[in-house]
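Reader: Could you take me through one part of this protein up close? I'd like to hear about a single strand and what sits around it, then how that fits into the rest.

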Amino acid sequence: MPSVTTRPSGNPTVGDLVVLEDERAASRVEVSPARGALVTSFRVAERDVLYMDEATLVDPAKSVRGGIPVLFPSPGKLVDDTWTDGTRRFSMKQHGFARNLPFGVDGARAEREGTASVTLVLVATPATLSQFPWPFRLSLTFSLSGAALRITSRVRNDGTSEMPFGIGYHPYFAVADKARTRIDTRATRAFDNVTKKVVPFTGFDLTSAEVDLHLLDHGSTESALREADGARVDVRASSEFTRWVVWTLSGKPFVCLEPWTCPGNALNTGEGLSRLSPGASLESWIEVAVA
């Protein structure tokens, strides 16, 4: 039977964790509202699906390396960490501000034969308005059903002018044998963020010192990470997620397979941005499922 509970993390930066469980699938998800609505762990049976660097999790001065960070309102890096709306200039760090801000809890539920879920909410503050001059409401619903975790986002423009934005997710998947891990894609071209060049894509070498490939023609809203022991993690997303990124570092037991709605620097270029008229909202989702 699905359930939703809370437990103290023991660290003031992480705060209380919301725990979603599905006994039938022996699956469990933990989410930290205080740490940017971060999924800190996802476990199915005896497998840890996600990697977590605990030292970054508990240090408020660091961006977390692990779990599933939320990238809003600008996935990727802006040139010089700045952007302009034509007349005004703003500063914003890589991947936006949502991952570094506390979310409020806006309800939880557990259905006897269905899902365990919790909804977390972030609204604009003076600090966000200094970086992104629109009042907004971002709600994220985390739903666990069997061995699948779905994150549904709802973004609402509470301002008086059209609001551009992007959203993305940065799952750190725990991978022990990167040399024999495969990632599904139909891409033939990629932007290599290490060399800063567009390159022909012929496959991933996940054992390189750093892989940071932005797939330009992935051609799908889903992918899969296939591990050496036969395990498979499927990543699916709604139609808005057209840009997929793969990132890893040598010596680290993780591979990030990241669905984004737009490329990096989109607030400057306009490429792939979602745009909401005043009062309008947009819903999108991603799903991580263990096969």
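Author: Here's a close look at one strand, followed by the wider picture.

A word on the ground rules: this is a predicted model, where local features need pLDDT of at least 70 and side-chain atom pairs count only at pLDDT 80 or more, while totals for chains, interfaces and linings use all residues. Residues are numbered from 1 along each chain as its sequence is written, and side-chain values use heavy atoms, with hydrogens and water left out.

Let's go to strand E23, residues 254–260. Strands here are DSSP runs of E with at least two residues, and helices are runs of H or I with at least four, numbered from the N terminus. Seven of the seven residues in E23 are buried, where buried means under 20% relative accessible area, exposed over 50%, and partly exposed in between, using a 1.4 Å probe and protein chains only. In a regular strand the side chains alternate between the two faces of the sheet. On one side of E23 you'll find Phe 254, Cys 256, Glu 258 and Trp 260, and on the other Val 255, Leu 257 and Pro 259, with both faces covered.

Now for the partners. Two strands pair if DSSP finds at least two bridges between them. E22 (residues 243–249) runs antiparallel to E23 and is joined to it by five bridges; Trp 244, for instance, has Pro 259 as its bridge partner. The hairpin of E22 and E23 has four residues between the strands, and Gly 251 takes a positive phi near 85° there. E15 (residues 172–174) is also antiparallel to E23, through three bridges, with Ala 174 partnered by Phe 254.

Elsewhere there's an open sheet of five strands, in the order E1-E2-E3-E4-E5 with antiparallel pairing. E1 (2–8) and E5 stand at the edges with a single partner strand each, so one side of each has no neighbour in the sheet. Seven bridges pair E1 with E2 (residues 16–22), and Arg 7 has Leu 17 in E2 as its bridge partner.

E5 brings us to the charges. A salt bridge is a side-chain nitrogen of Lys or Arg within 4 Å of a carboxyl oxygen of Asp or Glu, and the whole structure has 22 of them. One of these joins Asp 229 to Arg 47, with the closest N and O atoms 2.5 Å apart. Asp 229 lies in the loop between E20 (222–226) and E21 (232–237) and Arg 47 in E5 (residues 47–48), so the pair ties together parts 182 residues apart in sequence. Asp 229 is exposed at 54% relative accessibility, whereas Arg 47 is partly exposed at 25%. Another pair is Glu 46 with Arg 43, at 3.3 Å between the closest N and O atoms; Glu 46 is exposed at 69%, and Arg 43 is partly exposed at 27%.

Stepping back, the protein comes to three helices and 25 strands, and 51% of its 291 residues count as buried. Its C-alpha trace spans about 55 × 45 × 35 Å along the principal axes. Among contacts (heavy atoms within 4.5 Å), counting residues at least 6 apart in sequence, 59% join residues at least 24 apart.
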